[in-house]
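Welcome, and please open the model in your viewer. We will go from stop to stop, selecting a few residues each time and seeing what is there.

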Amino acid sequence: MAEALIRVEELAKEYRMGSNVVPALCGVSLDIAAGEFVAVMGPSGSGKSTFMNLLGCLDHPSGGRYWLDGQEVSQLSGDELARVRNRKLGFVFQHFNLLARTSALDNVSLPLLYSEMPPTERKRHAEQRLAQVGLAQRMDHHPAQLSGGQQQRVAIARALVNDPQLVLADEPTGALDSHTSVEIMALLQQLNREGITIVLVTHEHDVAHFAGRIITFRDGKIIEDKTNVANDAAAQLQ
Amino acid sequence: MNFTATLHIALLALRVNKMRSALTMLGIIIGVAAVIIMIAVGGGAQARVEDQIRSLGSNIIMVLSGSMTSGGARGGIGSQPTIFEDDAYAMGREIEEIQAAAPTLRGNGQVVSGNTNWSTIFYGITPDYLEVREWAIVEGRGFEPAEMSGAGKVVLIGQTVAKNIFGDASPLDQVVRVRKVPLTVIGVLDRKGQSMTGQDQDDLILIPISTARKRILGAAQAKSRSVSSIMVKVRQGADMNDADQRMRELLRQRHRLQQGQDDDFFVRNLSEILQAQEASSKVMTLLLAAVASVSLLVGGIGIMNIMLVSVTERTREIGLRMAVGARARDILTQFLVEAVTLSLIGGAIGILLGISGATAIAELAGWRTELSGSSIVLAAGFAGAVGIFFGYYPAKKASRLLPIEALRYE
């Protein structure tokens, strides 16, 4: 098998609540290849969010190992993880998490502020990405001046600005109406076709069925991992 | 990540919250301005006292005649002529701590010139007097030795007398009469202004001591060589108390006083009073600065308060920044730079406000203020230190947040 973009082995995470130890993830192993579009499903408390946090290098696993792009990241320090997030990962959140009273352009270039990129380069990259998500005309708008769908597009542009190998989307359509949700999914599918690996957490089957692979969690374990004939979001819009 | 980028991030964050930034700065602005104004006002008061000491002539000791008791009535100081011109010369000669000892004979009278006249004090002096009082002659010349020994009919006049008798005309070579004795004005004294007690120090005339004794004060004085007072200037760096002590010993010896017998003279150490006043005005300056520092401290606590609120309010922002690659140290630096920027900008505005405030006080209230560069540097440095000190805790708190928890924060 070719080198997977993501490989996890027996990945586990426990939380300590006072004297109780609550297992959130109990030994998950899987590979995700570059270019895949994976939907992670499961009820709340199933461990899918914990799994995403670990994939996103936002948290340390209690056990098991995790290789991202051939590099073992499960043992890295906080600062090293920050560097991995900055170079290799892009995040899309349910509530967009844009900086208020800050222009779309500045929001998009935020991750580059933490890289070594010179200011003119930063601006050029951010402009390119905003154009890519169809917001070339809205660069100076503040989040409050944009619709929910547009805000999520800004957030996606931000996730893309550092040319990541993996985009992690946590309920990206959770705060949007169904039409806008399909628009956002069309955008993600288009990005995936351009070669970006996407892992998306959702609890909506409709949304999950735009992905090529659906992984279902329950009680901290994977109970189902199946390929899916993806619906074409762009076609649905017409 | 380099420092300019951090500065850029911090300035962006401050600009986004203009109102909050301005309010936070206000505490520092007031604190810094208060420190500068208070030190300026205190410094002004101190400088005034120092000027008074200087105008009196520093390191001055006065020796006055003793009192006489006749028929049960005790006279005041100077009622008995117990000190003499030769005492002064002996002190100048024998006590090394003494730079100059000037005997003076004091009297008052009407100064008459043409159809104007003016009542004033005259002093019969030796040239030492001018040295002791550090008094310059702005026009004309001082007394010649021949005039000193020969009771020359010459006079030096103070500014107030010059103005009242001669107006704007030059008094030089004019003749004035004092107790019917015609005296030629040979010089005009520099302006000394008011003494500490509000006396006009320029309202006097000076004549050679021999002239005063032989020609003006008349027969009673002519016989003895007693003087009203001896003004002594102690050498720079010499101990005032030593000089005082040795002077007393010398006078007691010259006056043949037995052990146990009271002094037949009085010694007044004038600068002591002024030095006490100077010390108290120094304490006052310190006190004012301390009070003002409290407001700077309160301003600093204000910064900490706002920064803590800001950290809580921006928890999700911090989480996001961490998610996109900010390290703990980047977050720490950002919040620290925000706090220091606030306090430095506040400090700069405070300095401007302090300088204009001190100037306004000087103009409007007529108080003397002394702006010192060191107080401005101190206030600016303190403002920066306050920013770092009170900004550190909130910044540390922000940098310790865990990304997932910060992102989930509602």
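**Stop 1: a bridge in chain B.** Keep in mind that this is a predicted model. Select B:Val112 and B:Asn117: the latter, in strand 5 of chain B, is the bridge partner of the former. Now widen the selection to strand 4 (residues 98-113) of chain B and strand 5 (residues 116-125) of chain B. These two strands run antiparallel and are joined by nine bridges.

**Stop 2: the turn.** Strands 4 and 5 of chain B form a hairpin with two residues between the strands. Click on B:Gly114 in this hairpin, where phi is positive, near 60°.

**Stop 3: other partners of strand 4.** Stay with B:Val112 and add B:Arg177, which stands opposite B:Val112 in strand 8 of chain B. Strand 8 of chain B covers residues 175-178 and pairs with strand 4 of chain B in the antiparallel sense, over two bridges. Next, select B:Thr104 and look for B:Ser229, its bridge partner in strand 11 of chain B. Strand 11 of chain B (residues 229-234) is antiparallel to strand 4 of chain B, with six bridges joining them.

**Stop 4: over to chain A.** Colour chain A by secondary structure, and you can look for eight helices and ten strands. Of the 238 residues in chain A, 47% are buried. Contacts here often reach far along the sequence: among those between residues at least 6 apart, 68% join residues at least 24 apart.

**Stop 5: the sheet.** In which order do the strands of the open sheet in chain A lie? Reading across its six strands gives 6-7-8-3-9-10, and the pairing is mixed. At the edges are strand 6 (89-92) and strand 10 (221-227) of chain A, each pairing on one side only. From one strand to the next, the twist averages 20°.

**Stop 6: a parallel pair.** Within that order, strands 8 and 3 are listed side by side. Select residues 37-41 of chain A for strand 3 and residues 197-201 of chain A for strand 8: they pair in the parallel sense over four bridges. Here A:Val38 stands opposite A:Val199 in strand 8 of chain A.

**Stop 7: an antiparallel pair.** Finish with strand 9 (residues 213-218) of chain A, which runs antiparallel to strand 10 of chain A and is joined to it by six bridges. Show A:Ile215 together with A:Asp225, which stands opposite it in strand 10 of chain A. Strands 9 and 10 of chain A form a hairpin with two residues between them. In the turn, A:Asp219 has a positive phi of about 50°.

Note on methods:
Residues are numbered from 1 along each chain as its sequence is written. Chains are lettered from A and ligands numbered from 1 in the order in which they are written. This is a predicted model: local features need pLDDT of at least 70, side-chain atom pairs count only at pLDDT 80 or more; totals for chains, interfaces and linings use all residues. Two strands pair if DSSP finds at least two bridges between them. Axes are lines fitted to C-alpha atoms, for helices over the stretch in contact, and angles run from 0 to 180 degrees between N-to-C directions. A residue is buried if 20 or more other C-beta atoms lie within 10 Å of its own, exposed if 12 or fewer, and partly exposed in between; C-beta atoms are placed from the backbone. Two residues are in contact if their C-beta atoms, placed from the backbone, lie within 7 Å.
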